[in-house]
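I opened a new page for this chain and wanted to see what a patient look would turn up. Here are my entries, in the order I made them.

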Amino acid sequence: MQRLQRGDTVVVISGKYKGTQGRIKKVLVEDEKVIIEGINLVKRHMKPNPRNQQGGIIEKEAPLWASKVMPLDPKTKKPTRVKIKVDENGMKMRVAKSGAVIEAER
């Protein structure tokens with residue numbers, strides 16, 4: 001189990017976008033990066049193609065290092081560290097520092 005999952009609401013803790021919140025669109029496990037909606041936008045020059053008939057300059061989200069974001073605590077609505085706990089049924093769950101269980105919004 002990972003500390004960050006798709007659908008989590010996270011806060012950027014360092015860099016140009018420090019303090020901004022967003023939801024995780026994609027987790028790149030191999031690269032240890034995450035893509036967050038509306039954060040770290042970059043401009044790309046696209047040639048016209050069957051998918052994008054017009055072409056031109058488009059904005060898209062670029063990956064951020066996973067170490068630069070922290071999930072929001074559901075209780076306190078502040079950034080928190082995550083620990084993995086195993087319940088009595090043997091199921092793993094992510095728990096915030098306050099003790100609240102973190103559920104990913106899908």
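Before placing any residue, I noted how elements are named here: strands are DSSP runs of E at least two residues long, numbered from the N terminus. I also noted that this is a predicted model.

**Entry 1: Asp 8.** I started by asking where Asp 8 is found. I located Asp 8 in the segment before strand 1, which covers 9-12.

Next I wondered whether Asp 8 is buried or exposed. Asp 8 has a relative accessible area of 3%, and because buried means under 20%, Asp 8 counts as buried.

I then looked for a partner for this side chain. The side chain of Asp 8 makes a polar contact with the side chain of Arg 94, at 2.6 Å. I also checked Asp 8 against Ala 96: the two are 88 residues apart along the chain, and their C-alpha atoms are separated by 13 Å.

**Entry 2: Thr 80.** I moved on to Thr 80, which I found in the loop between strand 7 (69-71) and strand 8 (82-86). Thr 80 is buried too, since its relative accessible area is 5%.

What does the side chain of Thr 80 reach? I traced it to the backbone nitrogen of Lys 97, at 3.1 Å.

I also listed what Thr 80 is in contact with, leaving aside neighbours within four places in sequence. Met 70, Pro 71, Leu 72 and Asp 73 are among them, and I wrote down Ala 96, Lys 97 and Ile 102 as well. Ala 96 was already on my page from the distance check with Asp 8.

**Entry 3: the whole chain.** I stepped back and asked how many helices and strands the chain has. I counted zero helices and nine strands, so the run of elements from the N terminus on is β-β-β-β-β-β-β-β-β.

For overall dimensions, I noted that the C-alpha trace spans about 55 × 30 × 20 Å along its principal axes. The radius of gyration is 17 Å, whereas a compact globule of 106 residues would have one near 13 Å.

Buried residues make up 29% of the 106 residues, and Asp 8 is one of the buried residues. Of the contacts with a separation of 6 or more, 41% are between residues 24 or more positions apart.

**Entry 4: surface and charge.** I closed with the outside of the chain. The chain exposes about 7,600 Å², with 49% of that supplied by carbon and sulfur atoms. I tallied 24 positive and 12 negative charges, whose mean positions are 6 Å apart.

Key:
Residues are numbered from 1 along each chain as its sequence is written. This is a predicted model: local features need pLDDT of at least 70, side-chain atom pairs count only at pLDDT 80 or more; totals for chains, interfaces and linings use all residues. Side-chain values use heavy atoms; hydrogens and water are left out. Helices (H or I, at least four residues) and strands (E, at least two) are DSSP runs, numbered from the N terminus. The radius of gyration is taken over C-alpha atoms; the globule rule is 2.2 Å times the number of residues to the power 0.38. Buried means under 20% relative accessible area, exposed over 50%, partly exposed in between (1.4 Å probe, protein chains only). Contact means heavy atoms within 4.5 Å. Accessible areas come from the Shrake-Rupley method with a 1.4 Å probe; for residues, only the protein chains shown count as cover. Lys and Arg count as positive and Asp and Glu as negative; His and the chain ends are not counted. The place of a charge is taken as NZ of Lys, CZ of Arg, CG of Asp or CD of Glu. A polar contact is a pair of N or O atoms within 3.5 Å; within protein, one must be able to donate a hydrogen and the other to accept it, and residues adjacent in sequence count only if both atoms are side-chain atoms.
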